[in-house]
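Morning, everyone. One structure today, and I'll keep it quick. Have a look at the sequence and the model first.

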Amino acid sequence: MSRTLQLCLFLAVLSTVALGRKCYNCSSFDPHCDDNYARYLIDCPPIKVNGQEKLVVGCRKIDQWVYDEHTMFRECAYTGRDVSNKQSKGSLGITRISNQCKDKDGCNSAPTQPLMLLLPALFLLVALFH
């Protein structure tokens, strides 16, 4: 593999990893989480699970109803895949709607950074045609 291709691949990986992920981290137990949640945008830290470090894979928002009582959670996601309005029902009148994304900070709220999303592809194109 040529040095140029190695450097481009390294930069492509670095550009996607170095960005990290920012997610809103709050719940409806805080009255501002529902409509004024900008203050809750955090850098998602790695966590330890069974002694191994896990990195964030996306942002998650869960709306849950137990009978007529609504609860909402916004959090960093360390497992799972992208879902949009995935509904699940449980016993005792529990309904849950889950959303998870990895393509942008602040799931469903923050603008994407198109240039940063295109950098890996740009590096690969340069490497291929160099």
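Start at S27. This residue sits in strand β2, which covers residues 26-27. Keep in mind that the model is predicted.

Is S27 buried or exposed? Its relative accessible area is 15%. Buried means under 20%, so S27 counts as buried.

Which residues does S27 touch, beyond its neighbours within four places in sequence? C33, M72 and F73.

Now C26. Setting aside residues up to four places away in sequence, C26 touches C33, Y37, Y40, M72, F73 and R74.

C26 also belongs to the largest nonpolar core. That core has 6 residues. Y24, C33, Y37, Y40 and M72 are in it along with C26. There is a second core, separate from that one, with 5 residues. Among them are C23, C59, C76 and Y78. As background, nonpolar side chains tend to be buried together in soluble globular proteins.

On to the sheet. How many strands form it, and in what order? The sheet is open and has 5 strands. The order reads β2-β7-β6-β9-β8, with antiparallel pairing. At the edges are β2 and β8, the latter spanning 83-89. Each of these two pairs on one side only. So S27, by its place in β2, lies in an edge strand.

Last, the other edge. β8 runs antiparallel to β9, residues 94-101, and 5 bridges join them. One pair to look at there: S88 has R96 in β9 as its bridge partner.

Conventions
Residues are numbered from 1 along each chain as its sequence is written. This is a predicted model: local features need pLDDT of at least 70, side-chain atom pairs count only at pLDDT 80 or more; totals for chains, interfaces and linings use all residues. Side-chain values use heavy atoms; hydrogens and water are left out. A nonpolar core is a set of buried Ala, Val, Leu, Ile, Met, Phe, Trp, Tyr and Cys residues joined through side-chain atoms within 4.5 Å. Buried means under 20% relative accessible area, exposed over 50%, partly exposed in between (1.4 Å probe, protein chains only). Contact means heavy atoms within 4.5 Å. Helices (H or I, at least four residues) and strands (E, at least two) are DSSP runs, numbered from the N terminus. Two strands pair if DSSP finds at least two bridges between them.
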